[in-house]
Amino acid sequence: MNALTRLQDDFQRRVLGGDAPILDAMVGNATADAAERVGIYVHAYSARLVEALENEFLTLRFAAGDEAAAAVFRDYVTATPSILRNVRWYGKDLAQFLRAAAPWRDTPAFAELAELDWAISVSFDAADEPCIAEADIAAIAFERWGEMILHLPQHVRLNTSTWNVWQVRQARDHAHPCPQLRRLEIPQRWIVSRQDLEVHYRQLEADEAAALEAIAAGQPFERMCEALCDWHPQEEVALRAAGLLKAWIGNGWILSVELPAD
């Protein structure tokens, strides 16, 4: 390793939070000494990561306030060195961090707000995928419908909230004052999806949530119908299942259908 390469590696380690002996190789001037000049780069790197998180986690920032949110993001940057070339994915572990790290674990709604923001962001950035049409299902013999395994596209994200975080998101989207964070009596299931270039979200009814969870888990259509039996008489399940499937296909929520080999 030549001297320039070693100097570059040491400088990178120092910027990333290490203790590489870089100062002896730096030159100060009348404006700033060597430590101050290196400090500018160290601060700039972490500041850009914080800025990226501020632009990513808008609902968390709205609910927490700019000052508390900035503290959250600084703590995350300090505890979570970036290992990715693309800063867009840097915040993927923020919710997990907020559940474990003091003092943020004492405000569990923050982790759910981060999950909400991440679901919306990932849905928006998901790859375009051609989804099936009703004709693709109609082409399958009815006696084999129970075997069908349906696949969700990447833009469809299921989310569970035990706090009123989606009410907070709706307030932000409509420029309303932020409601007070409160724990819900009954957890809510929400779905996030994208149509064209716009992300949509809505709360799911309990039976629809159970049906979609069965699909997301890779269970066949007959298992999905069994899940619906918890809410509907057996003689009504087939109609409800067919209605849900029709709506999901129309929404672009079903990527493909698979049948097991004979």
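Which residue forms a salt bridge with Arg-223? The legends below take up this pair and several other close-up views.

The model is predicted, so that local features need pLDDT of at least 70 and side-chain atom pairs count only at pLDDT 80 or more, while totals for chains, interfaces and linings use all residues. Residues are numbered from 1 along each chain as its sequence is written, and side-chain values use heavy atoms, with hydrogens and water left out.

**View 1. A salt bridge within helix α10 pairs Arg-223 with Glu-226.** The closest N and O atoms of the two residues are 3.1 Å apart, a salt bridge being a side-chain nitrogen of Lys or Arg within 4 Å of a carboxyl oxygen of Asp or Glu. Both residues lie in helix α10 (residues 221-228), three residues apart, which is about one turn of the helix; helices (H or I, at least four residues) and strands (E, at least two) are DSSP runs, numbered from the N terminus. Arg-223 is partly exposed at 41% relative accessible area, and Glu-226 is partly exposed at 42%, where buried means under 20%, exposed over 50% and partly exposed in between (1.4 Å probe, protein chains only).

**View 2. Salt bridges that share partners join Asp-117, Arg-169, Arg-172 and Asp-173 into one network.** Within this group, Arg-172 forms a salt bridge with Asp-173, with the closest N and O atoms 3.7 Å apart. Arg-172 has a relative accessible area of 30% and is partly exposed, as is Asp-173, at 36%.

**View 3. A salt bridge joins the side chains of Lys-246 and Glu-134.** The N to O distance is 3.0 Å, and the pair links distant parts of the chain, with Lys-246 in helix α11 (residues 234-251) and Glu-134 in helix α7 (residues 134-138), 112 residues apart. Lys-246 counts as partly exposed at 49% relative accessibility, and Glu-134 likewise at 43%. A search of the whole structure finds 16 salt bridges.

**View 4. The largest nonpolar core holds 35 residues.** Such a core is a set of buried Ala, Val, Leu, Ile, Met, Phe, Trp, Tyr and Cys residues joined through side-chain atoms within 4.5 Å. Phe-57, Leu-60, Val-72, Phe-73, Leu-94 and Leu-98 touch the most other members. Among the elements that give two or more residues to this core are α2 (34-56), α4 (66-79) and β3 (183-195), while α6 gives the most, with 10 residues.
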